[in-house]
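Subject: Structure handover

Hi there,

Here is the structure I promised to pass on to you. Please open it alongside this email, and have a look before you read my notes.

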Amino acid sequence: MNPRFVLLPFAKQQGHFLIFTITDAHLVTQDLPVTCVTSGGGYLWLGDADGFMHCLDSTFCLSSFRAHTSGPVRHCRQVPGTEHLVVTVGASSEDRDERVCVWNTKKWSLTSKTSLPVCCRSVKTTVGAPQPGGRSLGEVVCLEVAATLDVVLLGHAGGAVQLIKGDITSDRHCRRLVLHEFAVPVTGLHYVPATPSNPKRQKANLEEFLRASSRHIVEQLSPETSVKSADVGSASPVVGSPSSGPTSPYVFACSESQIVSITLGKRDEPIRTNVLDSFGCRVNCSCLLTDPQKPGHPNLVMAHKEALYFYDVDGRGPCIAIEGDKRAICSYKNYLVSIRLSGAQRPTDSQPGFPDPQSSVSLFEFKNKFIGGDFVIPWAHSIIADLGSLFVLCLEADAARGTNSIVELVEKDTQSKLDILFSRKSFNLAIGMAESDNHSKEELAHIHRRYADHLFSQKQYDMAVKEYIQTIGTVEASYVVLRFLESGLINHLTRYLEALHLPENVARGCLTKDHTALLLNSYARLDDSERIDAFLRVSLRQVFSWYQGVGGDRWLCLCVRTGSCTAAGEVTLANQPHIDSDFFACINVLRRAGYPHQALTLARLTSNTADCIQILAEDLKDAEAVLAEINALPFEQALEAVCTHGTFLMQTVPVETAEILDKLCSNPKGGRISAQHFIKIFVNNRTGLMKFLERYIQKVHSIDAAVLNSVETLLELALYEADAISGDAACEDKEAQVAHLHGLVMRLLKHSKVTLQRLVKFLSHLLKYLGNQACNVGKECRFLKSVVHRSHGV
């Protein structure tokens, strides 16, 4: 058995759905002995036993002409792709030989009683045809005409497959070939023309061929290069010639005992014959099925009494088990339409039992594997799919002549079909049908949403989240997020949010910073630090589309020039230039969840220095790292960071903190510093503040309000400290410390930066201080006198 053979039993298919509706029968004629049927170009052609061809248009208006004068029209065929060429097979009155006639109906008016179609070609079916072994070809039992207008295939009762080569629109010389011989009559012929070459592909193949040839020549002329290429590129052989564009034409030929594919050469001679199966089918029980993805390579479908078999030019493919005595098959859109006999089984060779009063028509959707309708239509004879809709020709037989009618099968509109599938909870079929009908992404997304809601209500959360992911970009993400949050399904919510962060969804604008914060929070609730770390490594495309917005190409070039690309061809956040983005919510989520290291990583990756310093100071208590970050900041940001975290730094690393304060004060912009900036840094540390202010006043050479305020603050601190030391009985070396503070006060008052107005204000502080002293009156009076002298007699 062929390894590609796959049996899909009917019991395992999706089921029956009434996708089509049946209309009332249209009476064609009451006394018409129909022998053959064909359609195309908006017309239905009927051949009868009297040699007439009848044309039926869309208004069911019937017009006729005589095609053959000596017997019935045995076969007819509308030339594919044309509206005015019809080929018939029948006997002529001249020699009573069977002939193939080509009729041009372009100038034939259906309403005219005088004009007739023109017979542009008439050839005998057997004269001049080779007869190997002396066997007679027999009468024609099967007819096929190529859309290329130069090939006619005839299947004979003797089993021969004959090809007539020549222009069918003119009576010129033709060439005949016998392609194959069966032991039994031919039941089906299908011609597949050669696939035309693509000029662009041919040009690309030629350029590749020329490049490969030039490389080969250079390698022969250069021994070093030759050796190198042999070592490195020996796995890639040099292209010998550009690949051929078109494929060869081939023919599918069927009989009741065998099915073969015949590949034709340049002169349409058979060059290869593959036996596809050792059993065959009846007449009208095979057709071509075109895959939209491969329009130039149609497959053969053969209806057997047990199943439907699919073939390509090399062998048998899958098989779908649909039982029933099938008498005709046809493809219509995504459906295989078959006529089955539902009555008692007849012998396989008893064709006279067809049409049958108990026949039925079934429509099988072959892509999604379901039955789209099964209708009991008595006397069904032919399926007509080339008139813009689907029709069934019914030939009711009686003792003399039959009544002919046409039944139309109408496919329901898309919404009605989807409603039927939704009512049966067949969401997968609805999705498959929508994809087959090329519905828009928005429509598909809404079907996925309905399916996901159904799965969610059934508590099939794993499958539901997969369907919800398919709705990204159409259905609001908040709708899905809320459903999972309310049910406490954090794992499933995480999977959905991860899909939101995929590059294709980021590029479509489906992601917000709130989704990122929620994803990090979900990771934290799951206590999954590995996934948090992995999330922080964002790919180049995602970073570009998410953060940069405009000018991404220039930024990408910058990353390449600066060597930010990793070995895997990606650029991580850590390796790229500054990103102006708002990540405060995400950073705070990680901090609150107890992941300070990950929060620090995110803050550094997004250049949020303030958050970085805050995490180091408040969460990690790493004073040295805080100082390192502050040292790298500009003046304004460093000043703000010191004012915010100075208390922690002064308590932990006082010496290094003092150095940073001195560095800030010595900055050219340091004149704007006020003592108010650093008061809270030196809480419970008056001595440290006094030393800092004293160094600051000595280094600053400008006179402004900030400096004078610092002088005033230092005076107050010195007087307050002197008063405190004087009242402290346990203080050792009290007089020396007080004298040092008095000396500091005098130096400040003598400083050139102190103006007269400020000096008057300082005197009030001195008087208050002296009023609190109970000893050393003489020394303090001398101190006051020196101060008054400094104030120029005030």
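Below is what I found, starting with confidence and then moving through the helices and a few backbone details.

Please keep in mind that this is a predicted model. The average pLDDT for the protein is 77, and 74% of the residues reach at least 70. In residues 539-580 the pLDDT falls below 50, and this stretch has 65 contacts in the model beyond its near neighbours in sequence. Residues 774-778 are also below 50, with 1 contact of that kind. Coordinates predicted with low pLDDT should not be read in detail.

Let me begin with helix 4, which spans residues 427-436 and is mostly covered, with 8 of its 10 residues buried. Those buried residues are F427, L429, A430, I431, G432, M433, A434 and S436. What do they pack against? Their partners are two strands, strand 26 (359-365) and strand 27 (370-376), together with helix 3 (414-423), helix 5 (441-457) and helix 6 (461-469). Just past the end of helix 4, N438 has a positive phi of about 60 degrees.

Helix 8 (residues 490-500) is another enclosed element: 8 of its 11 residues are buried, so the rest of the structure largely surrounds it. The buried set consists of I490, H492, L493, T494, Y496, L497, A499 and L500. Their cover includes helix 6, helix 7 (477-486), helix 9 (503-507), helix 10 (513-525) and helix 11 (529-535).

Helix 6 therefore turns up in both places, among the partners of the buried residues of helix 4 and in the cover of helix 8. How do the axes of helix 6 and helix 8 cross? They come within 10 Å of each other, at an angle of roughly 20 degrees. An angle under 35 degrees counts as roughly parallel, so helix 6 is roughly parallel to helix 8. Their crossing is right-handed. On the helix 6 side, the contact involves Y461, D462, V465, K466, Y468 and I469, while helix 8 contributes H492, R495, Y496 and A499. By type, the residues of this contact divide into 6 nonpolar, 1 polar and 3 charged.

Further along the chain is another helix pair, helix 17 (residues 623-631) and helix 18 (residues 635-652), packed at about 155 degrees with their axes 10 Å apart. Angles over 145 degrees count as roughly antiparallel, which means that helix 17 runs roughly antiparallel to helix 18. Here the crossing is left-handed. A623, V626, L627 and I630 of helix 17 meet A638, A641, V642, F648, L649 and T652 of helix 18. This contact has 9 nonpolar residues, 1 polar and no charged.

Finally, two loop residues are worth a look for their backbone angles. Most residues other than glycine have a negative phi. L149, in the loop between strand 12 (140-145) and strand 13 (151-156), has a positive phi near 65 degrees. Its relative accessibility is 25%, so L149 counts as partly exposed. N284 sits in the loop between strand 19 (270-277) and strand 20 (286-291), and its phi is also positive, at about 70 degrees. With 45% relative accessibility, N284 counts as partly exposed.

Happy browsing, and all the best!

How values were computed. Residues numbered from 1 in each chain as written. Predicted model: local features only at pLDDT ≥ 70, side-chain atom pairs only at ≥ 80, totals over all residues. Heavy atoms only, no water. pLDDT = per-residue confidence, 0-100. Contact = heavy atoms within 4.5 Å. Axes fitted to C-alpha atoms, helices over the stretch in contact; angles between N-to-C directions. Helix = DSSP H or I, 4+ residues; strand = E, 2+ residues; numbered from the N terminus. Parallel < 35°, antiparallel > 145°, perpendicular 65-115°, else oblique. Left-handed = near helix turned anticlockwise from the far one by under 90°. Nonpolar A, V, L, I, M, F, W, Y, C, P; charged D, E, K, R; others polar. Buried < 20%, exposed > 50% of the residue type's maximum accessible area, 1.4 Å probe, protein only.
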